[in-house]
Every structure is written in structure tokens, then in C-alpha cells.
Amino acid sequence: MLRSLNIIGNARSQRPHLALRAACFFSSKEGTMTKILEEKLAASKVLVEDISGGCGSMFKLEIESPHFKGLSMVKQHKLVTGALKEEIGEMHGLTIQTKIPK
């Protein structure tokens, strides 16, 4: 079963439209985030998709990791956001789906 949580907003700005515009100038982080999640969470499956239209401000993540076993959805998502702490600071929104390998 995939579990998901949406995080919208950016703590850097009280004006989300400006944060979104600023985020569009960052390069794609898909490869970097995939590598980090594979290494830090021993993920057997990682899908990172830019859902912002290509500007890198919003991402959809699907992660399958044995590290999620026995953890609540919130704790699973904290593992993901902790691993991507630096990258998350540069984006506007994030959708996370986690799964435990069978």
C-alpha cells in the first residue's frame, strides 16, 4: 500500500507566488534526490517526478525502502524529508508516497 502526504508552501516567503517563481530558476534535482534516497534509505525503488512543469519547484516522490518497516506514515515521511532536507529548502511543494518492500 502506498501512503502519501502533501507538503505545500515555502518557509522562506510569506508570498507563495514569489517562492514558486524563485524556485523555477533552480535546476532539476531529480537525479540528486534519487541518489540520496537510494543511499540513505537503501531504497529498492525510487521515483522522483517534477510535477511543476519542469521548473523544479514541486516534486512527486515514490520510495520503497525496508527502513519503513514498523514505522507510522509520519515517521516514514520524516525519514524522507530528513534525507532531503537541503533539497526541500529549494522547492515549493512535495508529495511523498512510501511503501515497504514485500
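How many of the seven residues of β3 are buried? Six of them are, so β3 is largely enclosed by the rest of the structure. That strand is a handy place to start, and much of what follows comes back to it.

**The overall layout**

What you have here is a predicted model, so a word on confidence comes before the details. The mean pLDDT of the protein is 80, and 73% of the residues reach at least 70. Helix α3 (residues 73–83) has the highest mean of the elements, 97, while helix α1 (residues 16–23) has the lowest, 44. Across residues 6–27 the pLDDT stays below 50, although this stretch still makes 31 contacts in the model beyond near neighbours in sequence. Where pLDDT is low, the predicted coordinates should not be read in detail.

There are four helices and four strands in the protein. Read from the N terminus, their order is β-α-α-β-β-α-α-β. Of the 102 residues, 36% are buried. The accessible surface comes to about 6100 Å², and carbon and sulfur atoms account for 55% of that. Taking contacts between residues at least 6 apart in sequence, 67% join residues at least 24 apart.

**β3 and its two partners**

Back to β3. On one side of the pairing list is β2, which runs antiparallel to β3 over six bridges. Two of the residue pairs are E49 with K60 in β3 and D50 with F59 in β3. The other partner is β4, which runs parallel to β3 and is joined to it by seven bridges. Here I63 has T98 in β4 as its bridge partner.

β2 itself shows a neat two-faced pattern. V46, V48 and D50 point to one face and are buried, while K45, L47 and E49 point to the other and are not buried. In a regular strand the side chains alternate between the two faces of the sheet.

**The nonpolar core**

In soluble globular proteins, nonpolar side chains tend to be buried together. In this model the largest nonpolar core has 17 residues, and L37, L61, I63, V80 and L84 touch the most other members. At least two residues of the core come from each of α2 (30–41), β2, β3, α3 and β4 (93–99). The largest share, four residues, is supplied by α2.

Two of those well-connected residues are worth a click in your viewer. Setting aside neighbours within four places in sequence, V80 is in contact with L37, L41, L61, I63, F68, I96 and T98. L84 sits in the loop between α3 and α4 (85–88). Loop or not, L84 counts as buried, at 0% relative accessibility. Outside its neighbours within four places in sequence, L84 is in contact with M33, I36, L37 and L61. L84 and I36 are 48 residues apart along the chain, yet their C-alpha atoms are separated by 7.3 Å.

**A small charged network**

Side chains of opposite charge can pair when their charged atoms come close. The model has two salt bridges, and they make up a network linking K45, K60 and E62. Here they are side by side:

| Salt bridge | Closest N and O atoms |
|---|---|
| E62 with K45 | 3.5 Å |
| E62 with K60 | 3.4 Å |

The E62 and K45 pair links distant parts of the chain, with E62 in strand β3 (residues 58–64), K45 in strand β2 (residues 45–50), and their positions 17 residues apart.

Is E62 buried or exposed? E62 has a relative accessible area of 12%, which is under the 20% cut-off, so E62 is buried. K45 has a relative accessible area of 40% and K60 one of 26%, so each falls between 20% and 50% and counts as partly exposed. The network therefore joins a buried glutamate to two partly exposed lysines.

**Putting it together**

In short, β3 pairs with β2 in the antiparallel sense and with β4 in the parallel sense. β3 also supplies at least two residues of the largest nonpolar core, and E62 in β3 takes part in the salt-bridge network with K45 and K60. Keep residues 6–27 apart from that picture when you look closely, given their pLDDT below 50.

Conventions
Residues are numbered from 1 along each chain as its sequence is written. Side-chain values use heavy atoms; hydrogens and water are left out. A salt bridge is a side-chain nitrogen of Lys or Arg within 4 Å of a carboxyl oxygen of Asp or Glu. Buried means under 20% relative accessible area, exposed over 50%, partly exposed in between (1.4 Å probe, protein chains only). pLDDT is the predictor's confidence in each residue, from 0 to 100. Contact means heavy atoms within 4.5 Å. A nonpolar core is a set of buried Ala, Val, Leu, Ile, Met, Phe, Trp, Tyr and Cys residues joined through side-chain atoms within 4.5 Å. Two strands pair if DSSP finds at least two bridges between them. Accessible areas come from the Shrake-Rupley method with a 1.4 Å probe; for residues, only the protein chains shown count as cover.
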